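The report below goes through a single protein chain and takes up its cysteines, its nonpolar cores, its sheets and a few individual residues in turn. The chain is shown first.

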Amino acid sequence: MVKPKTEEEIELLRENAIIVSKTLAEVGKRVAPGVTTLELNRVAETFIRDNGAVPSFLGFEGFPAALCMSVNDVVVHGFPSDYVLREGDIVSVDCGTLYKGYNGDSAYTFPVGEVDAETRSLLDVTKASLYKGIEAAVAGNRTGDIGYAVQSYAESFGFSVVRELEGHGLGKEMHEEPGVPNYGRRGKGTHLVEGMVICIEPMINAGARGVYLARNGWAVHTSDHRKSAHYELTVVVRKGKAEQLSTYDFIEKDGTVNI
């Protein structure tokens, strides 16, 4: 059985979640055609350190950057590079922090300039599927209820769910139990108990659900090279309604992106 977090631990995780949420907003302000993903990575690392935290992804199992920057057909775990963002691209920005001994983790997929109608739909549906998953993250449910909520919503629009990657618990370690798949059956999987802290992170493809691992051993690409979107929030399992720790308010309510 997965041990729930104490309220004191949840407050420390909330502090991390806010730093991560604000970092994503700082990056989002600069997402535009002509900008390299490496430049965005520098913005994030500076902001994280200026706020007293450490970028937890940097050096994790050899990962070379503060952010995972995944463009277009890269689902997750892309390296920041000299790639210059172009009009119509999308870029998933996944950010992690370590602060006061606990972790933060959240992700958002930004449109670069104007995107086509299918891409806009992919972004909207993926984000909405995340919130469907959060609605199911209540005490008494199981992880399969979350996965079912994500999967059934995304697939109803003709998109597909990546099966090889999943969400996870969060605490002193970046990845803790339970695993939180984005597909599944209601009533199956790990029991959700009040006080569990989990990251729900749909990874939804415009085309087929198949993926492959790049030669660098990190970047995961769609098998058909169509676009993929990725959103992630950290929540606390509660009775009746999950409590969000990370938020997109700094991105969306401050006008960082057009929604």
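In this predicted model, the sulfur of C95 lies 9.5 Å from the closest cysteine sulfur, which belongs to C68, and that is too far for a bond. The sulfur of C199 has its closest cysteine sulfur in C95, at 12 Å, again too far for a bond. A disulfide is a covalent bond between the sulfur atoms of two cysteines. Because a pair counts as a disulfide when the sulfur atoms are within 2.5 Å, neither of these separations qualifies, and the count of disulfides comes to zero. As for their surroundings, C95 is buried at 0% relative accessibility, and C199 is likewise buried at 0%.

**Nonpolar cores**

The largest nonpolar core contains 53 residues, and those with the most contacts inside it are V31, V91, V93, I146, I198 and I200. A second core, separate from it, has nine residues, among them V197, C199, V236 and L245. With residues up to four places away in sequence left out, I198 touches A137, I146, H168, G169, P178, V180, L233, T234, V235 and V237.

**The five-stranded sheet**

Five strands make up an open sheet with antiparallel pairing, in the order β8-β7-β9-β14-β15. The edges are taken by β8 (176–180) and β15 (243–244), and because each has a single partner strand, one side of each is left without a neighbour in the sheet. Within this sheet, strand β7 (residues 167–169) and strand β9 (residues 197–200) run antiparallel and are joined by two bridges. C199, the buried cysteine discussed above, stands in β9 opposite H168.

**The three-stranded sheet and its helix**

Another open sheet has three strands in the order β6-β10-β13, also with antiparallel pairing. Its edge strands, β6 (160–161) and β13 (228–230), each pair on one side only. Helix α3 (residues 117–135) packs on this sheet and touches β10 and β13, its direction making about 35 degrees with that of β13. Between β6 and strand β10 (residues 203–205), which run antiparallel, there are two bridges, and V161 stands opposite I204 of β10.

**The β4 and β5 hairpin**

Strands β4 and β5 run antiparallel and are joined by ten bridges. The hairpin that they form has two residues between the strands, and in it K100 takes a positive phi near 55 degrees. How much of β5 is buried? Ten of the ten residues of this strand (residues 102–111) are buried, so β5 is largely enclosed by the rest of the structure. In a regular strand the side chains alternate between the two faces of the sheet. In β5, Y102, G104, S106, Y108 and F110 point one way while N103, D105, A107, T109 and P111 point the other way, and all of them are buried.

On the partner strand, T97 has its place in β4 (residues 90–99), and its bridge partner in β5 is G104. T97 counts as buried because its relative accessibility is 0%. Apart from residues up to four places away in sequence, T97 touches N16, I19, V20, I48, A53, V54, S56, Y102, N103 and G104.

**Individual residues in and beside the helices**

The table sets out the burial of three further residues.

| Residue | Relative accessible area | Class |
|---|---|---|
| T6 | 38% | partly exposed |
| A44 | 0% | buried |
| E252 | 18% | buried |

T6 lies in the segment before α1 (7–28). The C-alpha atoms of T6 and V112 are separated by 40 Å, the two residues being 106 residues apart along the chain.

A44 lies in helix α2 (residues 37–50). When residues up to four places away in sequence are not counted, A44 touches T23, V27 and L67. The C-alpha atoms of A44 and P55, which are eleven residues apart along the chain, are separated by 8.5 Å.

E252 is found in helix α5 (residues 249–252). Its relative accessible area of 18% counts as buried because the cut-off is under 20%. Which side chain does the side chain of E252 meet in a polar contact? The partner is the side chain of K127, at 2.6 Å.

Key: Residues are numbered from 1 along each chain as its sequence is written. This is a predicted model: local features need pLDDT of at least 70, side-chain atom pairs count only at pLDDT 80 or more; totals for chains, interfaces and linings use all residues. Side-chain values use heavy atoms; hydrogens and water are left out. Buried means under 20% relative accessible area, exposed over 50%, partly exposed in between (1.4 Å probe, protein chains only). A nonpolar core is a set of buried Ala, Val, Leu, Ile, Met, Phe, Trp, Tyr and Cys residues joined through side-chain atoms within 4.5 Å. Contact means heavy atoms within 4.5 Å. Two strands pair if DSSP finds at least two bridges between them. Helices (H or I, at least four residues) and strands (E, at least two) are DSSP runs, numbered from the N terminus. Axes are lines fitted to C-alpha atoms, for helices over the stretch in contact, and angles run from 0 to 180 degrees between N-to-C directions. A polar contact is a pair of N or O atoms within 3.5 Å; within protein, one must be able to donate a hydrogen and the other to accept it, and residues adjacent in sequence count only if both atoms are side-chain atoms.
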